[in-house]
Amino acid sequence: MRNQAPDEARVIPLRPAATGARTDTPAVTPRQQRPALAPQTRPAREPRAPAPAREPLWRDLVGDVLRRERLAQERTLKDVAEAARISMPYLSELERGRKEASSEVLAAAAHALGLGLGDLLSLVHGELTRRTRTTRATTTATTTTTTTPYNGLCLAA
């Protein structure tokens, strides 16, 4: 532990003062000087492998299809929500993928858009196949094996 006089302030400059330049800080005595630190070198980072692509969430796919169908018919959220007998904020949250809809709500929204529940699910399945096919194409480009997509209709409860 160093002994310092009570009136003496310890000042360590961040940069050495230029010669002949006037500074407002008191001069540093040789006893207070620290040896220059050698610049630290970081180990070279290895390139990261690309993160595996996430499969899309069902609620996001349903919301995208609902919004696309509503906009294709040039209808408003209010119009479709009233026809489906669900609240407009809830329909908005469904379209943005914020809420998981029950089968009753999905059927009501599909019927309000002039679709059957099977039609809606088929459109969602097509969207899922399209998105996972592009994901699979980017990941299989680096591998030698390929898989064929399942073209059947899958329902998740």
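Which residues in α2 meet which residues in α3? In this predicted model, L77, K78, V80 and A81 are the ones on the α2 side, and their partners in α3 are M88, L91, S92 and E95. The axes of the two helices come within 9 Å and cross at roughly 105°, which makes α2 roughly perpendicular to α3.

Stepping back to the whole chain, the secondary structure amounts to 5 helices and 0 strands, so the pattern along the sequence simply reads α-α-α-α-α. Of the 157 residues, 22% count as buried. The chain exposes about 12700 Å², with carbon and sulfur atoms supplying 54% of that area. As for contacts with a separation of 6 or more, 57% of them come from residues 24 or more positions apart.

On to the core. In soluble globular proteins, nonpolar side chains tend to be buried together. Here the largest nonpolar core has 20 residues, and the members touching the most other members are L66, I86, L91, L120 and V124. Two or more residues apiece come from α1 (58-72), α2 (77-84), α3 (88-95), α4 (103-112) and α5 (117-140). The biggest giver is α4, with 5 residues. One of the well-connected core members, V124, touches W58, L61, V62 and V65, leaving aside residues up to four places away in sequence. Another of them is L91, already met above as one of the α3 residues facing α2.

Back to α2, whose two sides are easy to tell apart. Its buried residues are L77, V80, A81 and A84. They span an arc of only 100° around the axis, and therefore sit on the same side of the helix. The general geometry is familiar: an α-helix has 3.6 residues a turn, so residues three or four places apart point the same way. The face turned away from the buried side carries K78 and E82, both exposed. As for what lies over the buried residues of α2, the cover includes α1, α3 and α4. Three of those buried residues, L77, V80 and A81, also turn up in the list of α2 residues that meet α3, and so does K78, despite being exposed.

The α4 helix has its own buried set, made up of V105, L106, A107, A109, A110 and A112. Just past the end of α4, G114 takes a positive phi of about 80°.

Two other residues have positive phi values without being glycines. E74, with a phi of about 55°, lies in the loop between α1 and α2. R85, with a phi of about 60°, comes just after α2, in the loop between α2 and α3. Are these two buried or exposed? E74 has a relative accessibility of 76% and so counts as exposed. For R85 the value is 76%, and R85 counts as exposed too.

What about R75, buried or exposed? R75 is placed in the loop between α1 and α2, the loop that also holds E74. At 19% relative accessibility, R75 counts as buried, because the cut-off for that label is under 20%. Its neighbours, not counting residues up to four places away in sequence, are R70, V80, A83, A112 and L113. Among them, V80 belongs to the buried residues of α2, while A112 belongs to those of α4. The last on the list, L113, is 38 residues from R75 along the chain, and the C-alpha atoms of the two are separated by 9.0 Å.

How values were computed: Residues numbered from 1 in each chain as written. Predicted model: local features only at pLDDT ≥ 70, side-chain atom pairs only at ≥ 80, totals over all residues. Heavy atoms only, no water. Core = buried A, V, L, I, M, F, W, Y, C linked by side-chain atoms within 4.5 Å. Buried < 20%, exposed > 50% of the residue type's maximum accessible area, 1.4 Å probe, protein only. Helix = DSSP H or I, 4+ residues; strand = E, 2+ residues; numbered from the N terminus. Contact = heavy atoms within 4.5 Å. Arc of directions from axis to C-beta. Areas by Shrake-Rupley, 256 points an atom, 1.4 Å probe, with all protein chains shown as cover. Axes fitted to C-alpha atoms, helices over the stretch in contact; angles between N-to-C directions. Parallel < 35°, antiparallel > 145°, perpendicular 65-115°, else oblique.
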